[in-house]
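Q: Could you take me on a close look at one part of this protein, the mixed sheet and what surrounds it? I would like to see how its strands are ordered and which side-chain contacts go with them.

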Amino acid sequence: MKAPDSKKTIAIIGAGISGLSAAAYAAQAGNEVHVYEKHPQPGGRARQFSTENGYVFDMGPSWYWMPDIIDNFFGDFGHKTSDFYDLICLSPQFEMVFEDGLLTVPESYQDLKNLFEQLEPGAGEKLDAFMNAAKYKYEVGMQDFVNKPCYSWLEFVSPKIARSALKLDLLSNFRSYVSKYFSHPKLKTLMEFPVIFLGASPKNIPALYSLMNYGGYALGTWYPMGGFYQLVLGMKKVAEKQGAVFHFNQNVEKIITEEGIARGIVVNGEFKEFDAIIASSDYHHTETLLNSELRNYDQKYWKSRTFAPSCLIYYLGFKERLPNLKHHTLFFENDLDEHIKSIYEEKKWPEKPLFYACCPSQTDPDLAPEGHENVFLLMPLATGLSDEENTREHYFQDMIKRLEKHTGAKDLLAKLNYKRSYCVDDFISDYNAYGGNAYGLANTLSQTAVLKPGIKNKHLSNLFYTGQLTVPGPGVPPSIISGKIVAKEVNKLKQKRREKII
């Protein structure tokens with residue numbers, strides 16, 4: 001990274017993925033960087049916890065896709081991913097449970113192509129065409145498109161992006177795009193599933209995001225031994241090697257401002273002065289730390305945004321191994337569109353939900369006591385829902401019954417020896433997440449690039465925002481990129497020496 005105009009003291013609020021990334025890049029440029037995190041550990045939504053009876057649970061991200069983006073982060077600091085953890089390519093990548101059978105997604109692309117051909121004659125060659133187009137979008141999108149600070153559309157005026165415009169399919173919707181290639185309902189669902197967490201129905205997501213199919217199915221579904229948290233620990237080590245200092249159990253209570261600049265932050269009641277501030281905390285929450293006239297967006301703006309889902313999560317420990325359960329399993333016995341409608345249109349608890357089960361102990365036995373199983377259940381939900389315990393429990397019972405039917409296991413409730421739920425209210429209390437969102441803002445066309453919340457405060461020259469509510473969007477790889485973008489912008493600031501507040 002280019003050297004800064006002068007060494008600056010930089011405060012980063014939050015040690016989530018984007019905060020870790022920003023800390024590493026800002027410190028690499030020679031700045032003095034301090035990261036303040038209200039929890040006792042880094043990671044944000046990607047935290048991990050251990051139980052007294054021997055289970056280790058990743059709290060959030062579990063799909064290790066777009067491995068090249070993560071490799072690039074470590075490569076920027078002279079490291080390889082393998083310096084910090086061992087990656088396993090999952091085989092199969094995952095399994096989908098439908099009402100009338102299973103669809104197992106193989107590790108090998110050729111095997112995946114054969115599977116498509118078996119279900120729909122001619123679909124194998126169409127998969128090649130789809131993936132070739134998706135690869136192009138991935139290479140342009142993840143290299144040229146998402147690395148912009150997005151102050152202006154003029155950033156996208158370049159011969160390469162102009163030549164790419166039609167191929168990127170920004171104005172086509174994802175559902176129609178998939179239907180041009182495939183007609184079998186299971187294949188269409190398989191191709192549509194990755195965009196569910198982008199925050200809208202496939203009919204409202206730009207076809208550009210077929211790049212996710214390439215970033216997952218073609219590049220593989222991976223798992224870091226020890227859990228996804230190993231990525232967090234690796235990123236923290238990188239940042240610390242650059243000189244960043246982490247402060248845990250430190251809650252940022254206010255941003256102090258004066259004459260168009262942020263003077264510093266109040267942490268656990270104590271004022272600390274800085275030359276610049278990067279907020280990796282929830283964007284909306286960060287702005288509540290400012291006087292209302294200094295905020296980029298008012299409450300009306302946030303209410304008008306389309307958010308990606310919240311979710312109901314259960315962390316479960318079973319006293320025996322579960323048969324027939326893969327590392328990743330998607331339970332799609334019910335109608336996808338009905339569940340999506342409940343999230344984005346009706347804003348209610350679904351009547352017939354879909355859900356996802358992660359069983360990392362199938363790959364990594366150290367995450368559970370010997371002979372036991374570690375299972376994570378996740379059901380996408382609308383933001384802002386009331387999530388009383390009896391409501392959570394109702395859906396838990398439904399998911400357990402379907403898990404029993406799929407695996408053939410009996411009396412799973414009697415074999416539970418750890419159970420913890422996590423839902424809308426928990427996202428709000430732990431992460432100050434607007435509406436209890438789990439995945440940030442939806443990647444709809446009206447919330448893409450320059451149309452996302454800006455990375456720079458409009459009233460304060462040295463306050464910046466990073467993470468899933470700004471560019472480039474939700475997900476671990478985009479959050480890594482977001483931290484890098486903001487660090488570059490902060491490095492451009494010239495240091496302004498000021499008298500300390502007494």
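A: Here is a walk through that sheet, followed by some contacts elsewhere in the chain.

A word on the source first: this is a predicted model, in which local features need pLDDT of at least 70, side-chain atom pairs count only at pLDDT 80 or more, and totals for chains, interfaces and linings use all residues. Residues are numbered from 1 along each chain as its sequence is written, and side-chain values use heavy atoms, with hydrogens and water left out.

Let's start with the sheet itself. Seven strands make up an open sheet with mixed pairing, in the order 7-6-15-16-17-14-18. Strands here are DSSP runs of E with at least two residues, and helices are runs of H or I with at least four, numbered from the N terminus; two strands pair if DSSP finds at least two bridges between them. At the edges are strand 7 (101-105) and strand 18 (416-422), each of which pairs on one side only. On average, neighbouring strands of this sheet are turned by 20° against each other, direction ignored. Such angles are taken between axes, which are lines fitted to C-alpha atoms (for helices over the stretch in contact), and run from 0 to 180 degrees between N-to-C directions.

At one edge, strand 14 (residues 310-318) pairs with strand 18 in the antiparallel sense over six bridges. Phe318 stands opposite Leu416 of strand 18. Towards the other edge, helix 7 (residues 185-192) packs on the sheet and touches strand 6 (94-98) and strand 7, where contact means heavy atoms within 4.5 Å. The direction of helix 7 makes about 130° with that of strand 6.

Strand 6 also takes part in a salt bridge (a side-chain nitrogen of Lys or Arg within 4 Å of a carboxyl oxygen of Asp or Glu). Glu95 forms it with Lys326, and their closest N and O atoms are 3.7 Å apart. This pair links distant parts of the chain, 231 residues apart: Glu95 is in strand 6, and Lys326 is in the loop between strand 14 and strand 15 (328-331). Glu95 counts as buried at 3% relative accessibility, while Lys326, at 26%, is partly exposed. Buried means under 20% relative accessible area, exposed over 50%, and partly exposed in between, using a 1.4 Å probe and protein chains only.

The structure holds 24 salt bridges. Among them is the one between Asp387 and Arg392, with the closest N and O atoms 2.9 Å apart. Asp387 is buried at 4%, and Arg392 is buried at 7%. Elsewhere, Lys341, Glu346, Lys348 and Glu351 are linked in a network of salt bridges.

Strand 18 brings us to a charge and a ring. The charged end of Arg420 sits over the ring of Phe49, 4.6 Å from its centre; the rule asks for NZ of Lys or CZ of Arg within 6 Å of the ring centre and within 35 degrees of the ring normal. Lys167 likewise lies over the face of Tyr136, at 4.7 Å from the ring centre.
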